[in-house]
Amino acid sequence: MQIKVENLSKTFSPGMPYETRALSDINCEIGSGEFVAIIGHTGSGKTTLVQHIAGLVQPDSGRVTATLDDGTETVISEKGKAAFAVRRRVGIVFQYPEYQLFEETVLKDVCFGPKNQGLDQEAQEARAKEALRLVGLDPDVVGESSPFELSGGQKRRVAIAGVLAVEPELLILDEPTAGLDPKGHDDILDMIDRVKEDKSLSIVLVSHNMDDVAAYADKVIVMNAGTVVMEGTPEYVYCERGSELKDIGLDLPAGPAFLERLREGGLDVDIRKLGFEETAGEIVRALKAKRGKKTEKNAEQQNS
Amino acid sequence: MAVRDITLGQYFPGDSCIHRLDPRVKIVCALVYLVSLFVVRSFWVFGLCILFLAAVIILSGVPFRFISKGLKPVIFLIIITMLINVLFIRTGDPVLTIGKFYITNEGIYRALFMGLRLVLLIFGSSMLTLTTKPIELTDGMEKLLSPLSKIGLPAHELAMMMTIALRFIPTLLDETDKIMKAQTARGADFENGNLKEKAKALIPLLVPLFVSAFRIAGDLAMAMEARCYHGGKGRTRLHQMKLGRVDAVAAIVMVVYLGCVIASRYININIF
């Protein structure tokens with residue numbers, strides 16, 4: 001399934017003193033099987049954009065369309081319409097999703113989505129158990145316990161399982177690691193990456209963590225004040241246009257940030273390297289080159 | 001986003017003389033105005049009430065569109081009240097007869113009268129909340145009620161409870177909106193279905209909402225204790241309330257207005 005966002009605009013409380021223009025003229029695409037990251041400041045419109053993509057909000061103008069795998073095109077949201085039918089193809093995990101848990105047992109809670117899709121009891125439970133396994137929980141161990149008894153990280157997994165049980169083709173995650181410890185953070189991201197491969201999902205990740213984005217995303221969409229300011233591969237966004245990114249007050253991932261400091265310190269490095277391996281390689285190369293120059297100089301001095 | 005469109009109890013930021021009035025004076029004036037609406041006996045005095053309210057609205061600079069939004073949630077109540085008046089008042093001359101059933105001119109007169117009174121009540125009270133910050137409002141109330149603390153009324157505690165309740169209305173509305181969207185994304189349907197199905201559909205909304213409300217309340221209590229809150233005894237204020245010239249003018253205008261309304265009961269100008 002491919003998602004296309006065209007000229008999307010949204011204003012909250014129009015005509016009121018609290019009027020806020022959340023989105024203005026947004027255009028972007030999410031390809032089938034793609035891992036897209038959306039980055040930007042708090043209040044830059046990231047959450048509003050993903051809510052439109054999930055078909056939960058109606059825009060003032062513009063539209064979001066989905067092209068299904070069989071080639072048919074359906075509207076997910078446009079003025080006066082937020083499509084319920086397409087919603088189940090798009091799953092959305094909100095910030096702090098554990099606050100949506102409500103059932104007596106974990107299994108029942110995860111069954112909520114499939115139940116709303118009209119599946120029978122057996123199929124519901126099969127789906128729920130599979131989803132729990134996908135997020136790394138054993139349904140036989142946690143299935144019958146109350147979701148409110150679990151730890152924070154486990155609650156979040158259950159909530160994500162609740163969305164996965166709907167079997168979406170596109171999974172949107174709005175800051176899924178907010179408030180988790182470093183281990184929980186890595187676990188959740190690895191889990192997302194694994195689920196993406198297992199189920200061949202498209203992923204949209206809203207994040208503040210540039211290292212996660214650099215490590216996992218195929219494409220990065222940068223938002224600022226309700227508009228898309230950049231769109232491209234992590235290499236393009238962080239390396240080619242890193243200085244613009246810093247101008248709107250966003251950070252670089254650890255690699256380029258470190259290389260930049262080295263360059264400020266006088267080492268002649270190319271800052272356009274993203275991963276840890278590449279960064280390390282570049283530092284080694286630069287240091288060797290520097291030593292080479294030194295020996296050249298020494299040789300010259302000896303010759304003269 | 002229907003939950004966002006509730007005006008009742010919302011503050012409209014501004015810097016008019018109405019906004020700057022001392023909250024105590026404003027509360028008393030609003031109460032006097034609301035009482036005066038029940039003193040009124042004839043339509044032409046309502047004209048005076050409308051003029052007075054219009055003057056306040058113009059002075060405050062709050063757009064009328066914004067005020068009239070407060071009517072939306074109660075429009076149903078107003079219509080029912082008017083219908084009951086029209087249908088059940090049997091005195092007066094029948095103006096419309098369908099078989100055994102008739103409507104009298106007095107019924108229509110009383111219905112319009114009640115309807116107008118309700119609308120003015122809502123506009124009058126929303127002018128108070130629209131031009132006064134919730135904090136000022138509860139501070140004013142606390143000050144007004146403080147003489148009663150001698151006879152055991154916990155004025156400070158009541159005011160604090162109101163402050164907290166008002167403060168958390170938007171928070172809980174946002175929370176409701178968020179949970180609704182999250183459950184909708186899992187296929188919950190809050191709009192369709194019969195009454196029983198609709199009530200059942202609320203469970204996935206209400207349970208998480210209660211859980212969050214308790215969590216927020218616990219956090220708030222902890223934060224207040226961490227900052228040494230121990231009730232109203234010996235507590236001083238950051239903003240002391242002082243009566244100024246505007247307050248005096250407002251009080252005089254109010255007294256004159258109330259005098260006129262009361263006098264109108266004894267002066268018989270019969271237009272209708």
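Which residue is the bridge partner of B:Leu96 in β2(B)? The partner is B:Ile103, and we will come back to that hairpin after a look at the whole assembly.

This is a predicted model, in which local features need pLDDT of at least 70 and side-chain atom pairs count only at pLDDT 80 or more, while totals for chains, interfaces and linings use all residues. Residues are numbered from 1 along each chain as its sequence is written, and chains are lettered from A and ligands numbered from 1 in the order in which they are written.

**Chain A as a whole**

Let us start with chain A, whose C-alpha trace spans about 90 × 50 × 40 Å along its principal axes. Its secondary structure comes to 12 helices and 11 strands; helices (H or I, at least four residues) and strands (E, at least two) are DSSP runs, numbered from the N terminus. Of its 304 residues, 43% count as buried. Here a residue is buried if 20 or more other C-beta atoms lie within 10 Å of its own, exposed if 12 or fewer, and partly exposed in between, with C-beta atoms placed from the backbone. Among the contacts in chain A with a separation of 6 or more, 59% are between residues 24 or more positions apart; two residues are in contact if their C-beta atoms, placed from the backbone, lie within 7 Å.

**The sheet of chain A**

Six strands of chain A form an open sheet with mixed pairing, in the order β7-β8-β9-β3-β10-β11. Two strands pair if DSSP finds at least two bridges between them. The edges are β7 (90-93) and β11 (227-232) of chain A, each of which pairs on one side only. From one strand to the next, the twist averages 15°. Within this sheet, β3 (residues 35-40) and β9 (residues 202-206) of chain A run parallel and are joined by 4 bridges. A:Ala37 stands opposite A:Leu205 in β9(A).

**An enclosed helix**

Helix α3 (residues 106-116) of chain A has 9 of its 11 residues buried, so it is largely enclosed by the rest of the structure. The buried residues of α3(A) include A:Val106, A:Asp109, A:Phe112 and A:Lys115. What covers them includes α4 (121-134), α5 (139-142) and α6 (152-164) of chain A, together with α10 of chain B. After α3(A) comes A:Gly118, whose phi is positive, near 85°.

**Where the chains meet**

In the interface, 20 residues of chain B are in contact with 24 residues of chain A. On the chain B side, the elements that give two or more residues are α4 (64-68), α8 (155-185) and α10 (203-226). The most come from α8(B), with 7 residues. By class, this side of chain B has 11 nonpolar, 4 polar and 5 charged residues. Ala, Val, Leu, Ile, Met, Phe, Trp, Tyr, Cys and Pro count as nonpolar, Asp, Glu, Lys and Arg as charged, and the others, Gly among them, as polar.

**A helix pair and a hairpin in chain B**

The axes of α3 (residues 43-60) and α11 (residues 245-264) of chain B come within 10 Å and cross at roughly 165°. That makes α3(B) roughly antiparallel to α11(B), a term used for angles over 145 degrees. B:Val45, B:Leu48 and B:Phe52 in α3(B) meet B:Tyr257, B:Cys260, B:Val261 and B:Ser264 in α11(B). The residues of this contact divide into 6 nonpolar, 1 polar and no charged.

Now for the hairpin of the opening question. None of the 5 residues of strand β1 (residues 94-98) of chain B is buried, so this strand lies largely in the open. It runs antiparallel to β2 (residues 101-104) of chain B, with 4 bridges joining the two. The hairpin has 2 residues between the strands, and B:Gly99 takes a positive phi near 60°.

**Positive phi outside glycine**

Two residues of chain A other than glycine have positive phi, and the table sets them out.

| Residue | Phi | Place | Other C-beta atoms within 10 Å |
|---|---|---|---|
| A:Asn7 | near 45° | strand β1 (residues 2-12) of chain A | 12, exposed |
| A:Ala225 | near 50° | loop between β10 (219-224) and β11 of chain A | 14, partly exposed |

Note on methods: Axes fitted to C-alpha atoms, helices over the stretch in contact; angles between N-to-C directions. Parallel < 35°, antiparallel > 145°, perpendicular 65-115°, else oblique.
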